[in-house]
Amino acid sequence: MKIQDKVMPRFKVEIDLDTCNKCGRCAVNCTFDVIDFNRSEDKPVVTNTGNCVACQRCAVFCPTDAITIQEYPVVYAPHGTWTPWHRRGVCEQARTGAVLLTGLGTDRIYPTIFDSLLWDACQVTNPSIDALREPVETRTFLGRKPKKLNIREINGEFELDEIYPNKLLSTPLIIGHMSLGSISYNGHTAMLRAVNQVGTLFGTGEGGLHPDHAPFRNNIIAEIASGRFGVCPDYLNAAALEIKIGQGAKPGHGGQLPGEKVTQLISDTRGIPIGTDALSPNPQHDIYSIEDLKTLIAALHEATEYKVPVGVKIAAVNNVAAIASGIVHADADFITVDGFRAGTGAAPRVVRDNTGIPIELAIASVDQHLTNEGIRHKVTLIAGGSLRSSSDLIKILALGADVGMIGTAALIAMGCKVCQQCTTGKCAWGIATGDPIIGQRIDLDWATNRLINLFNSWTSDLDEVLGIMGIDAVESFVGNRDRLRYIGPNPAEAKILDVKHAGSRIEVGGE
Amino acid sequence: MTTKKRKITINAEPEGWPMDYRELNKKIRKAIRDGYTHLILQNVKGQRFIGAGIKEPVTIEIFGDAGLDLGVFSEGITAIVHGCSEYLLGNTLNAGELIVYGDSWDVTGMGARGGRIFVMGNGGSRIGIHMKEFKDKKPVIVYGGTVKQYCGEYMAGGMIVVLGLDFGDAIADRKKPVEREDIDPNKVKDIIDEKIVQSDLCGGIHGGTVYIRGDVPDHSLGVYAIKDEFTQEDKEILAPIIERFCELFNVPVDLIWKKKFTKITPVSSRPFGKVYTYTPI
């Protein structure tokens, strides 16, 4: 590496040696080789501030708050077009000749349509519900619903037609797919424990099923992806099965778990030798059409004797509504739509930052399209892709999703600081790492509790909001776009969302 | 506890037309639950998903042609098809043995994680795509005839063998379901005027081995695949599999070894390792 290859550090780490008590925790905790502890001089030394990713591990663990991290004070000459971000990207690619790999969701600033929406409340003409004292139903079911229920009376006994398999969720919120491998063992286990206690689901990604996680199988959405890692009859015995066609962060892309992350644990769970790349091809090679998809769905239904809902996960892309319609016709029981801001363990930056459409537009479009075709009842719609708060969840439900899906929010609950180094596997917080020692940095009980708290508080928020709208069950609220109003700058967006502009009056006798 | 009963025969065409696959598979599962270990399916006409996700070590003998996804996700069944099998034979197979006295077309053994597949005749595209191996689980696919493009694509482990044999004259009556005794060992001969494999052989392979009986031109190889020397060690690995094939399809073992094998292996187990850079920017 020539000196000209050097780019200036992104962050500057400073340790105030006056307040530092020389405990050395910062050096022990840093996984990016930024801080070293100099034993001869008995003090911590910042040896390579260029490696710092601002994950705050050292700063949080410093008992005297002696560490500060700031943007590196060597400025790039200001330029409106050639931002530092672009200049750094060009330099890195000129140096390596490689594709830039990155983690988590896109860090580019795109308008978030959630922030352009407001919701309605009851005033005078209809009473609101006091959610603290009156019941509001937040339970929902995942699976295909019949068009109508046929109830017959036979000798005084009532008999119901056989209905499709459905999975009860205590709240319309699940944790989306993250595999063991992209997430540490402790992180994975904490999420499973949390969804088990809350009564909802967690997608375990294409990582196989670890024997320790078998007791949680009633809370697992098992993924059938293009690599088919760990797919066997025992694995299919889960709460729900999901065929992964695409994920929001990298639509059309498969996955590569690089060989250095395939440790003993991952090897045993996925059923591949240690140190080999775990490659998931971009397409599933038995699915080249809707008919092929129908075949795989039928195969999974057969293999599980029609007792488990089988769904399909797609990324939100231009034709998402028509594709979703095809998936319903292929007999899926649920569809997961993942918006373009969704996170990932690793994706080429160029794909992550530029591919797909926002989940708000995608889900509104899918919901309307399926409703118009008269097939909306046949599937449960799950929507994800950077739901940052309970308000995003509530808005996505109003736009037509039955269930919201979180990923990054769950990681933040477990300590993630969104430094976007999931790709490197060096996560100092023990979340996105395969290192068995660093993975233990997550305290299982603590992380489980934090996740349960997150679920409970979002569910309470949902209760509150349904209450002020005077709606007593979340299933009555799904797709209720009339309770939303648009305050953003772009009328075209509102039209696609099928949401009226704020201040619009309801015109008697139609529009 | 049910006692182990042996054989049961299920007619897949009881009323003059082919039974729906759901009904047939229901009957199969019921028979297995009732303790039968040898199921004979008569008059099968392309019913799909036979043996899907079954992990009991039962034998399913199929007279007629099996449909899509025979043995999909299964773990330990023996399926014998006296006829042909459609696409996706042994899709994501975990263990067991699938034997076809006929052809089996595209994507055989896709993503297989174990088990063995023996096909007497020819295959289509993408045979053994993304097969993988782990510890003692090494999937094996053997084709007696020829296969088409993308054989062994993305392969991560296991073994594919293509023998290039012509059973054309060896079977007197093609119209009835073929059994071992119907094959005349003296009339099995080598295919000469047809390619045994076609283009993009083992594209993106990063584990496992492919043995082709005969020469493979360099331009047929896909990315990251190379030809390797066929050694005595390879012969020893291959011998029990060839013996099993010859036993199943009544072929003289000597005939197989008369022609030289070409061995194809991956360039590395990390073909895409250098494509990406991880440096945070």
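1. Helices and strands here are DSSP runs, numbered from the N terminus, with at least four residues for a helix and at least two for a strand. On that numbering, Gly246(A) sits in the loop that links strand 14 (240-244) to strand 15 (255-257) of chain A. The model is a predicted one, and the points below should be read as comments on a prediction.

2. Is Gly246(A) buried or exposed? The cut-off for a buried residue is 20 or more other C-beta atoms within 10 Å. Gly246(A) has 26 C-beta neighbours inside 10 Å and therefore counts as buried. Apart from its neighbours within four places in sequence, Gly246(A) is in contact with Pro251(A), Gly252(A), Ile314(A) and Ala315(A). The C-alpha atom of Gly246(A) is also separated by 8.6 Å from that of Asn282(A), 36 residues apart along the chain.

3. Helix 8 (residues 320-329) of chain A is mostly covered, with seven of its ten residues buried. The buried residues of this helix are Val320(A), Ala321(A), Ile323(A), Ala324(A), Ser325(A), Ile327(A) and Val328(A). What covers these residues includes two helices of chain A, helix 7 (290-303) and helix 10, and two strands of chain A, strand 17 (310-315) and strand 18 (334-338).

4. The packing of helix 8 against helix 10 (residues 359-372), both of chain A, can be described further. Their axes are 8 Å apart and the helices pack at an angle of about 50°. Helix 8 and helix 10 of chain A are therefore oblique to each other, and their crossing is right-handed. From helix 8 of chain A, the residues that meet helix 10 are Val320(A), Ala321(A), Ala324(A), Ser325(A) and Val328(A). On the side of helix 10 of chain A, the residues are Ala362(A), Ser365(A), Val366(A), His369(A) and Leu370(A). By class, this contact between helix 8 and helix 10 of chain A has seven nonpolar and three polar residues, with no charged residues.

5. Which residue with a positive phi follows helix 8 of chain A? The residue is Asp331(A), with phi near 75°. Asp331(A) is not a glycine, although its phi is positive. Its place is in the loop between helix 8 and strand 18 of chain A. Asp331(A) counts as partly exposed because 17 C-beta neighbours lie inside 10 Å.

6. Gln56(A) also deserves a look. It has a positive phi of about 70° and is not a glycine. Gln56(A) lies in the loop between strand 3 (43-46) and helix 2 (57-61) of chain A. With 16 other C-beta atoms within 10 Å, Gln56(A) is partly exposed.

7. A second helix pair in chain A involves helix 11 (residues 390-398) and helix 13 (residues 444-469). Their axes come within 9 Å and cross at roughly 55°. Helix 11 and helix 13 of chain A are therefore oblique to each other, and the crossing is right-handed. Ser390(A), Leu393(A) and Ile394(A) of helix 11 of chain A meet Trp458(A), Asp461(A), Leu462(A) and Val465(A) of helix 13 of chain A. The residues of this contact between helix 11 and helix 13 of chain A divide into five nonpolar, one polar and one charged.

8. How many residues does each chain give to the contact between chain A and chain B? Chain B gives 40 residues and chain A gives 37 residues. On the side of chain B that touches chain A, the elements that give two or more residues are helix 1 (21-33) and strand 14 (276-277) of chain B. That side of chain B has 18 nonpolar, 13 polar and nine charged residues.

9. Three strands, drawn from chain A and chain B, form an open sheet in the order 19(A)-5(A)-14(B), with mixed pairing. The edge strands are strand 19 (347-348) of chain A and strand 14 of chain B, each of which pairs on one side only. Strand 5 (residues 99-102) of chain A runs parallel to strand 14 of chain B, and two bridges join them. In strand 14 of chain B, Thr277(B) is the bridge partner of Leu100(A). Strand 5 of chain A pairs with strand 19 of chain A in the antiparallel sense, over two bridges. The bridge partner of Leu101(A) in strand 19 of chain A is Pro348(A).

Notes: Residues are numbered from 1 along each chain as its sequence is written. Chains are lettered from A and ligands numbered from 1 in the order in which they are written. This is a predicted model: local features need pLDDT of at least 70, side-chain atom pairs count only at pLDDT 80 or more; totals for chains, interfaces and linings use all residues. Two residues are in contact if their C-beta atoms, placed from the backbone, lie within 7 Å. Ala, Val, Leu, Ile, Met, Phe, Trp, Tyr, Cys and Pro count as nonpolar, Asp, Glu, Lys and Arg as charged, and the others, Gly among them, as polar. Two strands pair if DSSP finds at least two bridges between them. Axes are lines fitted to C-alpha atoms, for helices over the stretch in contact, and angles run from 0 to 180 degrees between N-to-C directions. Angles under 35 degrees count as roughly parallel, over 145 as roughly antiparallel, 65 to 115 as roughly perpendicular and the rest as oblique. A crossing is left-handed if the near helix is turned anticlockwise from the far one by less than a right angle, and right-handed if clockwise. A residue is buried if 20 or more other C-beta atoms lie within 10 Å of its own, exposed if 12 or fewer, and partly exposed in between; C-beta atoms are placed from the backbone.
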